[in-house]
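Hi,

Here's the structure I promised to send over. Have a look at it first, then read on for what turned up.

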Amino acid sequence: MKKADHAEKFCPIARTLAVLEDSWSFLILRNAFLGARRFSDFERQLGLTRHLLSARLGALVEHGILRKTASAQDQRAFDYTLTEKGLALYPVIVSLSEWGRAHTLEGDGPFDYIHATGCGAPMRPQLCCSECGEPIGPHDVSVSASFTLRERLAGLTEEAAERELGYPVPAVESV
């Protein structure tokens, strides 16, 4: 499957991956959350070629995740700052970091911690229900097909619907 095919899927994960493209985009976002602003900052910190960095920054700007503005300190430079859409990716970046801390640093120990500014304590991200506030995991949720999804899949066989979605067809909502 080509990368462009992800953008055509009726799946939020596939479409997100089509926007973020590859691991470099995630690393650029990580550095933006940690304060990187200038092309030269990203280039120095990531060791990415100018061509690839320019392409990835351009795509993030094009998708409204970063904003490119003239630097107030140097009129020859630009600042790349996170937009509201970019800031909304914070839980994704923190969750990736936590997963990596738990599953890829065997024997290396933690390199850094995320601290809650309110209490100053090191914290770990936790997924909670937006309605009741209870912590949730993969066995505590279910997925159902929305009206929009049912409309899009109407008349398709289950096999054709799965090809359209790129994942198993969710149950029909009971409400």
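Let's start with a side chain and a ring: Lys 68 sits over the face of Phe 78, 4.4 Å from the ring centre. As for rings pairing with rings, the structure has one aromatic pair.

Keep in mind that this is a predicted model. The chain has a mean pLDDT of 87, with 94% of its residues at 70 or more. Among its elements, helix 6 (residues 84-87) has the highest mean, 97, while helix 1 (residues 3-8) has the lowest, 68.

Now turn to helix 7, residues 90-103. Which of the residues of helix 7 are buried? They are Ile 93, Val 94, Glu 98, Gly 100 and Arg 101. Looking down the axis of helix 7, you'd find these buried residues within an arc of 160 degrees, so they line one face of the helix. In general, an α-helix has 3.6 residues a turn, so residues three or four places apart point the same way. The buried residues of helix 7 pack against helix 3 (23-33) and strand 3 (114-115). Over on the other side of helix 7, Pro 91 and Trp 99 are exposed.

The length of helix 7 works out too: at 1.5 Å a residue, its 14 residues should span 20 Å, and the end C-alpha atoms are indeed 20 Å apart.

One last spot to find is Ser 142, in the loop between strand 4 (122-123) and strand 5 (144-145). Is Ser 142 buried or exposed? Its relative accessible area is 69%, so Ser 142 counts as exposed, the cut-off being over 50%. Its C-alpha atom is 8.9 Å from that of Ala 171, although Ser 142 and Ala 171 are 29 residues apart along the chain.

Cheers

Notes. Residues numbered from 1 in each chain as written. Predicted model: local features only at pLDDT ≥ 70, side-chain atom pairs only at ≥ 80, totals over all residues. Heavy atoms only, no water. Helix = DSSP H or I, 4+ residues; strand = E, 2+ residues; numbered from the N terminus. Expected span 1.5 Å × (residues − 1). Buried < 20%, exposed > 50% of the residue type's maximum accessible area, 1.4 Å probe, protein only. Arc of directions from axis to C-beta. Contact = heavy atoms within 4.5 Å. Phe/Tyr/Trp six-rings, centres within 6.5 Å; stacked < 30°, edge-to-face > 60°. Lys NZ or Arg CZ within 6 Å of the ring centre and 35° of its normal. pLDDT = per-residue confidence, 0-100.
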